[in-house]
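Trainee: I have a fold to go through and some questions to ask. Can we take them one by one?

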Amino acid sequence: MTLDPLLHAGPAIQIHALAVIPAALIGGYVLWAKKGTWLHRLCGRIWIGLMVVTALSSFLIHEIRLVGDFSPIHILSIVVLVSSFEIVRSARQRNFVRHQRVVKSLYFGAIGIAGLFTLMPGRIMHEVVFGQASAMAGEAPEMAALAGQSAVRQIAVGQIVGGAPVWVWPLLVALIALGASRMRDREMAVWRLMLLPVIMAGLSAFMMVGSQLTGLSLAAAVAALVAGTLAGWWSLRHSSAILLEGNRVRVRGEVVSMIAILVIFVARFASGAVFATDPELAQTPAVSALFVAVPLFCAALMAARALAQAGINPLQRQSRRLTGAADC
């Protein structure tokens, strides 16, 4: 571990890091500490301020350029700003159920999952966490060689993002919007409930077919499907399906869909980044199986939860409740 790459980075990157690192720590405390205390409110205000600084500073960072000086990663910055506003608004309206949902979604999505992007080969934080200090690295020529390798990795990662089909980014925005819509209580037709899991399952299957399948990869795919399905049903084993007339259901808001969407896209990006920067590592059976299993697990998890919300859950311990239109 070394701070040299961060210390030699531009001011925008340094401000971004100085904001997001304490935000990760304070946000964790806000989530797990007792709610409603003066300390909770104080830490919450500080956390929101740090998240806003993190989002705004990201617009000055242009390591990956796709549309002018910006990339689809900046979409997340907009989501952070909108979510921060919603967190403050819901707290002032004393809508604490929605307040907690948005806080959890923002923390695990923007800090947890998005933080994985920063640890990808070629990113500055990857060099910070996995690099060696100057004193340990030895002579200056070796440091120059390492810097050259890092630059090559950054170019490769940029090419992955820039070379992605144009339709990927509108699809990502649409899926994030669809995942965000599931954070509130709602009534919908059963086919709409199943729409997002079907799309994510299709994307996961496309990723699997596009990879180099081995016996271990196929075994990991089957295990991921079984584990994801069981995990989805188990997570809603105490919840009763609320069925309405007209083949409709009433479902509660949740953040699992949003997290699963981000995990699947992070896995796709990570797979391409590893293959571009270290092909030998990408072709190892264990790594290949991992990139196959992760998105399939998330897709199966979402599908099983959607089935449970529609009344199909073998692990459910409570009976389904049929609700007529007059009871709504």
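Trainee: How much area does the protein expose, and what percentage of it do carbon and sulfur atoms supply?
Mentor: Keep in mind that this is a predicted model. The protein exposes about 17500 Å². The share of that area supplied by carbon and sulfur atoms is 68%.

Trainee: What percentage of the residues count as buried?
Mentor: Buried here means under 20% relative accessible area. The protein has 328 residues. Of these, the part that counts as buried is 43%.

Trainee: How many helices and how many strands are there in the protein?
Mentor: Count both kinds of element along the chain. The protein has four strands, and its helices number 14.

Trainee: Among contacts with a separation of 6 or more, what percentage comes from residues 24 or more positions apart?
Mentor: Take the contacts in the protein with a separation of 6 or more. Then pick out those between residues 24 or more positions apart. They account for 79%.

Trainee: Which element gives the largest share of the largest nonpolar core?
Mentor: That core has 18 residues; A23, W47, M51, V80, I87, L106 and I111 touch the most other members. Helix 2 (11–32), helix 3 (38–58), helix 4 and helix 5 (96–118) each give two or more residues to this core. The largest share is six residues, and it comes from helix 5.

Trainee: Which residues does V80 contact, leaving aside neighbours within four places in sequence?
Mentor: V80 is one of the core residues that touch the most other members. Two more of that group, M51 and L106, are in contact with V80. The full list is M51, A55, L106 and A110.

Trainee: Is S83 buried or exposed?
Mentor: S83 is found in helix 4 (residues 73–92). It touches V102 and L106, not counting residues up to four places away in sequence. Its relative accessible area is 15%, and the cut-off is under 20%, so S83 is buried.

Trainee: How many salt bridges are there by the distance rule?
Mentor: In general, side chains of opposite charge can pair when their charged atoms come close. One salt bridge joins R89 and E86, with the closest N and O atoms 2.9 Å apart. E86 also meets R98, at 2.8 Å from N to O. R250 pairs with E187 at 3.4 Å, and the count comes to three.

Trainee: What separates R89 and E86 along helix 4?
Mentor: R89 is partly exposed at 33% relative accessibility, whereas E86 is buried at 11%. Both residues lie in helix 4, three residues apart. The separation is therefore about one helical turn.

Trainee: Which residues do salt bridges that share partners join into one network?
Mentor: E86 pairs with R89. E86 also pairs with R98, a partly exposed residue with a relative accessible area of 25%. The shared partners join one network of E86, R89 and R98.

Trainee: How many residues apart in sequence are the parts tied together by R250 and E187?
Mentor: R250 counts as partly exposed at 27% relative accessibility. E187 is partly exposed too, at 37%. R250 lies in strand 3 (residues 248–251) and E187 in strand 1 (residues 186–189), so the pair ties together parts separated in sequence by 63 residues.

Trainee: Which helix gives the most to the nonpolar patch?
Mentor: Y29, W38, L39, L42 and I46 make a nonpolar surface patch of about 480 Å². L39 is found in helix 3 and is partly exposed, with a relative accessible area of 31%. Four residues of the patch come from the top contributor, helix 3.

Trainee: What distance separates the end C-alpha atoms of helix 11, and what span should its residues give?
Mentor: Helix 11 covers residues 215–235. Its buried residues include S217, A220 and W233. At 1.5 Å a residue, its 21 residues should span 30 Å. The end C-alpha atoms agree with this, at 30 Å.

Trainee: What distance separates the C-alpha atoms of L290 and A220?
Mentor: L290 lies in helix 14 (residues 285–309) and counts as partly exposed at 49% relative accessibility. A220 is buried in helix 11. The two are 70 residues apart along the chain, and their C-alpha separation is 7.5 Å.

Conventions:
Residues numbered from 1 in each chain as written. Predicted model: local features only at pLDDT ≥ 70, side-chain atom pairs only at ≥ 80, totals over all residues. Heavy atoms only, no water. Buried < 20%, exposed > 50% of the residue type's maximum accessible area, 1.4 Å probe, protein only. Contact = heavy atoms within 4.5 Å. Expected span 1.5 Å × (residues − 1). Areas by Shrake-Rupley, 256 points an atom, 1.4 Å probe, with all protein chains shown as cover. Core = buried A, V, L, I, M, F, W, Y, C linked by side-chain atoms within 4.5 Å. Patch = residues over 30% accessible without salt bridge, like charges linked within 9 Å, V, L, I, M, F, W, Y side chains within 5 Å. Salt bridge = Lys/Arg side-chain N within 4 Å of Asp/Glu carboxyl O.
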